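Dear colleague,

I am handing over the structure below, and after it I set out what was found in it. Please have the sequence and the 3D view open side by side as you read.

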Amino acid sequence: MPVVFLVLEAAVEGNLSVHVVALDRPAALLRLLRSLAAAAYDGATVPLTVHVDGPRGRGEAAGAAARTFEWPHGPYAVRERDANVGATANRLEAWVPPSPCAWGAFFEDDVTVDARWARFLGAAAAAYPAAEGVVFQRNWLSPAVYLRESDALNAGQPYLSPVLGPYAHAVRGDFWIEFRRWYDALGPAGDAVSRVAVPGWSFTNAWVAGNFRRGLWTAYVDRFLFDSGRRTPFVYANP
């Protein structure tokens with residue numbers, strides 16, 4: 001389905017917050033923040049929070065860099081952890097949706113964004129009302145085959161996928177609320193490979209080993225999709 005994005009759509013306007021997940025890359029973090037600030041939000045108020053994991057190398061420098069930044073589109077906050085908790089906790093605990101219709105956009109600190117990313121999000125949410133997330137990065141892995149590259153051309157048009165790209169994406173509040181309930185209910189069982197690996201389905205199975213809970217948060221999303229019967233809930237821009 002073609003997606004036309006000229007202004008921020010009502011499906012997202014007023015319901016969007018931005019979250020940057022950071023660790024120890026202050027220069028990259030500032031580059032991302034500048035690209036986010038330069039993007040088009042069409043006058044909407046868009047809160048932004050930087051979530052800095054606890055010290056590991058230059059963790060303190062990332063927090064200091066974030067505090068120097070001025071966000072021109074709404075409320076701005078820097079949340080710094082005292083201890084290093086790992087990518088999973090830092091990402092999964094970053095957002096509590098204020099409502100089921102809210103949208104939370106997440107970016108890792110070593111990416112930059114297209115100036116039209118928020119407009120695309122709004123247009124995709126309007127064009128695909130059943131979609132529960134929108135991904136802004138390239139999809140390069142096939143979910144059905146271990147670590148095999150995916151060639152999803154689709155004539156240059158957006159497409160639906162079961163893969164939530166970890167670097168740059170947005171998810172709808174109702175989806176995240178349901179996922180967090182599922183994740184929290186796992187408790188200690190979430191440390192078991194057998195509980196997280198997806199039977200014959202996800203490429204992330206190849207990485208579920210050792211202390212995966214600390215850093216491989218996307219594996220939990222994959223298993224949640226499997227357990228809840230979802231197959232293609234995410235829209236890719238397909239640039």
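Is Asp42 buried, partly exposed or exposed? Before the answer, please keep in mind that this is a predicted model. Asp42 has a relative accessible area of 34%, and because buried means under 20% and exposed means over 50%, Asp42 counts as partly exposed.

Asp42 is worth a further look for its backbone and its partner. The residue lies in the loop between H1 and E2, and its phi is near 55°, a positive value in a residue other than glycine. Its side chain forms a salt bridge with Arg119, in which the closest N and O atoms are 2.7 Å apart. Since Asp42 sits in the loop between helix H1 (26-37) and E2, whereas Arg119 belongs to helix H4 (residues 117-127), the pair ties together parts that are 77 residues apart in sequence.

Now to the sheet. The model contains an open sheet of 8 strands with mixed pairing, and the strand order is E3-E2-E1-E4-E7-E5-E8-E6. Strand E3 (76-80) and strand E6 (159-161) are the edge strands, each of them pairing on one side only, and the twist from one strand to the next averages 25°. As a reminder, the strands of a sheet pair through backbone hydrogen bonds, either parallel or antiparallel. Strand E1 (residues 16-22) pairs with strand E2 (residues 48-52) in the parallel sense, over 5 bridges, and within this pairing Val20 stands opposite Val50 in E2.

Helix H5 (residues 173-186) packs on the sheet, where it touches strand E7 (168-172) and strand E8 (234-236), and the direction of H5 makes about 85° with that of E7. At 1.5 Å a residue, the 14 residues of H5 should span 20 Å, and the end C-alpha atoms of the helix are indeed 20 Å apart, which agrees. The buried residues of H5 are Gly173, Phe175, Trp176, Phe179, Arg180, Trp182, Tyr183 and Leu186. What covers these buried residues includes helix H3 (87-92), E7, helix H6 (193-196), helix H7 (217-228) and E8. Just after H5, Gly187 takes a positive phi of about 55°.

Next, the charged pairs. The structure holds 13 salt bridges, and besides the one at Asp42 I would draw your attention to the following.

Arg81 forms a salt bridge with Glu93, with the closest N and O atoms 2.7 Å apart. This pair links distant parts of the chain, given that Arg81 is in the loop between E3 and H3 and Glu93 in the loop between H3 and strand E4 (103-108), 12 residues apart. The relative accessible area of Arg81 is 17%, so this residue is buried, whereas Glu93, at 40% relative accessibility, counts as partly exposed.

The side chains of Asp174 and Arg172 also meet in a salt bridge, at 2.8 Å from N to O. Here Asp174 is partly exposed, with a relative accessible area of 29%, while Arg172, at 14% relative accessibility, counts as buried. Finally, Arg25, Asp109 and Asp110 are joined into one network by salt bridges that share partners.

With best regards

Note on methods: Residues are numbered from 1 along each chain as its sequence is written. This is a predicted model: local features need pLDDT of at least 70, side-chain atom pairs count only at pLDDT 80 or more; totals for chains, interfaces and linings use all residues. Side-chain values use heavy atoms; hydrogens and water are left out. Two strands pair if DSSP finds at least two bridges between them. Helices (H or I, at least four residues) and strands (E, at least two) are DSSP runs, numbered from the N terminus. Axes are lines fitted to C-alpha atoms, for helices over the stretch in contact, and angles run from 0 to 180 degrees between N-to-C directions. Contact means heavy atoms within 4.5 Å. The expected span of a helix is 1.5 Å times one less than its number of residues. Buried means under 20% relative accessible area, exposed over 50%, partly exposed in between (1.4 Å probe, protein chains only). A salt bridge is a side-chain nitrogen of Lys or Arg within 4 Å of a carboxyl oxygen of Asp or Glu.
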